[in-house]
Amino acid sequence: MKNKVDIAIIGGGIIGLYTAYELAKRGVENIAIYEKKYTGSGSTFRCGTGIRQQFGDGANIKMMKRSVEKWSNIGEEINFPQLKMEKTGYLFLLYSEEEVDRYKKNVALQNSHGVPSRIITPEEAREIVSGLDISEVIAASWNPTDGKADPFLAVHGLVRVLKKMGVEINEYTEVKEIKVKDGAVEGVKTDKGKVKADIVLNAANAWAKILNEKLGVKIPIEPYKHQGIVTEPLKIGEIKPMVVSFRHGGAYLTQESNGGVIGGIALKYGPTWDITPTYDFMREVAKNFSRIIPALKYITIIRQWGGYYAETPDHNAAIGKIEEIEGYYLAAGFSGHGFMLAPAVAEGMADLITKGSSTLPLEFYDPYRFQRGELREQAIQMG
Amino acid sequence: MSDDPRERIIICRCNEVTQKQIEDLIDQGITDIEMIKRITHIGMGPCQGRTCIPLVAGIIARKTGKKIEDIKIPATRVPVRPVQMGVLVGDEDEE
Ligand SMILES: Cc1cc2nc3c(=O)[nH]c(=O)nc-3n(C[C@H](O)[C@H](O)[C@H](O)COP(=O)(O)OP(=O)(O)OC[C@H]3O[C@@H](n4cnc5c(N)ncnc54)[C@H](O)[C@@H]3O)c2cc1C
Ligand code: FES
């Protein structure tokens with residue numbers, strides 16, 4: 001482990017790794033990542049794999065449009081073609097006029113940013129997923145360019161390229177404290193020793209607050225337990241898109257590349273550090289999934305897990321410079337959509353660090369908006 | 001197809017992972033069973049690793065010289081036994 005670096009990144013999740021990659025691509029040479037367990041072990045390996053541009057506000061739509069462009073090319077770019085975004089779409093099932101009105105507005109906004117979403121009929125929805133019970137569905141919001149990617153391959157591919165680019169990845173190395181002197185970052189203190197650094201990026205997501213609080217930086221990010229399940233494999237292609245139903249407990253589900261159905265519902269606990277899976281969650285998943293696609297009754301759940309959503313009050317992340325401390329940056333609080341946002345966040349963050357600004361709408365995620373009482377409209381959140 | 005015999009030895013039958021795939025990862029320095037699990041999906045099939053995890057632990061021990069007892073085995077997660085959704089829904093309907 002080096003004892004002096006230019007940029008120290010705390011957290012080896014998708015955000016820390018992708019940002020390191022964008023920085024290295026811009027020619028930053030001396031980058032190190034500190035990860036208290038192994039890369040991906042935080043929320044990234046526990047995520048639902050979904051990538052969507054169907055948000056209800058311009059900033060998230062712009063960011064996600066850029067992310068999808070990047071997700072589409074990253075595998076080729078890092079010479080790891082196994083990693084590819086599957087554009088299998090997101091299908092929001094709508095059950096009331098009120099929901100349809102809201103989604104029509106979202107679709108108009110999405111279209112104005114060049115996202116090809118549209119409102120479709122229940123019958124069209126059933127052509128996309130034949131097992132759907134559409135008896136109460138009145139319409140659906142569909143975007144064929146949304147999709148999913150494999151978080152395990154994403155982490156593995158990025159780690160591989162980062163090592164080639166000379167980025168130091170320290171696993172099982174916990175940052176205990178960020179060192180500050182005369183109002184500027186001096187480095188990090190880890191359980192394996194001290195490291196000097198000019199710039200420190202806190203990408204510890206659910207744990208970001210712990211390090212912030214030691215510095216007196218108050219940004220509301222809290223850990224909530226959310227869960228996921230996966231079933232035995234079904235015939236591949238039965239459920240291509242991510243199917244979402246707010247009517248059914250906020251359920252979201254899709255098929256993984258090996259055929260298993262992966263998904264969850266919006267039953268959360270917290271703030272808490274406990275991520276033990278709960279029986280209630282499994283039962284609610286079974287109930288709601290089998291109402292959306294009745295044949296799922298006959299399918300077996302083989303695995304259930306818990307993980308954190310690092311939630312902020314408006315369900316949008318806190319990204320930017322920490323004004324009180326020169327050289328300190330934050331990208332955390334992803335509230336359940338950090339996997340999909342990672343490529344755009346990384347690009348924006350790398351530009352912010354190396355050039356002082358980004359053309360992406362990072363100001364939307366201004367960490368100081370909470371303090372000023374300028375909360376954003378709640379982002380559409382799954383799970 | 002190469003004729004490396006390790007490509008024909010299936011370690012994880014549920015997810016069709018070969019001995020070669022596992023040994024290649026260990027050769028790349030990935031010796032953490034959790035990490036191998038995440039990359040290859042060993043231990044994530046219907047048997048939940050009852051068949052393959054002990055075999056993988058054995059390969060890691062042999063290739064790294066670690067003792068089997070020192071290799072961290074992934075925690076089993078609920079459901080301990082796979083369970084059909086209809087069975088769970090059934091107990092809801094009785095309420
Ligand atoms: C059930 C579930 C489903 C989800 N589904 C989706 C989805 O479909 N789409 C989507 O986009 N997102 C989804 N998410 C959210 C997504 O997983 C996260 O937003 C994303 O992984 C955040 O990445 P990250 O790098 O910020 O955080 P993490 O992956 O949590 O990485 C942070 C890392 O920092 C490390 N760390 C913390 N403190 C320290 C320290 N002091 N020193 C060193 N290391 C430290 C942690 O060990 C961790 O590995 C889901 C999450 C859950 C739990
Ligand atoms: S043999 Fe590997 S999970 Fe069953």
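Trainee: Which helix of chain A holds A:Lys105?

Mentor: This is a predicted model, where local features need pLDDT of at least 70, side-chain atom pairs count only at pLDDT 80 or more, and totals for chains, interfaces and linings use all residues. Residues are numbered from 1 along each chain as its sequence is written, chains are lettered from A and ligands numbered from 1 in the order in which they are written, and side-chain values use heavy atoms, with hydrogens and water left out. Helices (H or I, at least four residues) and strands (E, at least two) are DSSP runs, numbered from the N terminus. A:Lys105 lies in residues 97-112 of chain A, helix H3.

Trainee: Is A:Lys105 buried or exposed?

Mentor: Buried means under 20% relative accessible area, exposed over 50%, and partly exposed in between (1.4 Å probe, protein chains only). A:Lys105 has a relative accessible area of 62%, so the residue is exposed.

Trainee: And A:Thr300, buried or exposed?

Mentor: A:Thr300 is found in strand E16 of chain A. Its relative accessibility is 16%, so A:Thr300 counts as buried.

Trainee: Which residues is A:Thr300 in contact with, leaving aside neighbours within four places in sequence?

Mentor: Contact means heavy atoms within 4.5 Å. From chain A come A:Thr231 and A:Glu232. From chain B come B:Pro82, B:Val83 and B:Gln84.

Trainee: Which helix gives the largest share of the largest nonpolar core?

Mentor: A nonpolar core is a set of buried Ala, Val, Leu, Ile, Met, Phe, Trp, Tyr and Cys residues joined through side-chain atoms within 4.5 Å. The largest one has 98 residues, and A:Ile9, A:Ile51, A:Trp71, A:Ile319, B:Ile22 and B:Ile42 touch the most other members. Eleven of its residues, the largest share, come from residues 338-355 of chain A, helix H8.

Trainee: What is the distance from ligand 1 to the side chain of A:Glu35?

Mentor: In all, 37 residues surround ligand 1 (a heavy atom within 4 Å), and A:Glu35 is among the closest. An oxygen atom of the ligand pairs with an N or O atom in that side chain. The separation is 2.6 Å.

Trainee: How much of ligand 1 does the protein bury?

Mentor: Areas come from the Shrake-Rupley method with a 1.4 Å probe; for residues, only the protein chains shown count as cover. Taken alone, ligand 1 exposes 1,000 Å². The protein buries 98% of that.

Conventions
A polar contact is a pair of N or O atoms within 3.5 Å; within protein, one must be able to donate a hydrogen and the other to accept it, and residues adjacent in sequence count only if both atoms are side-chain atoms.
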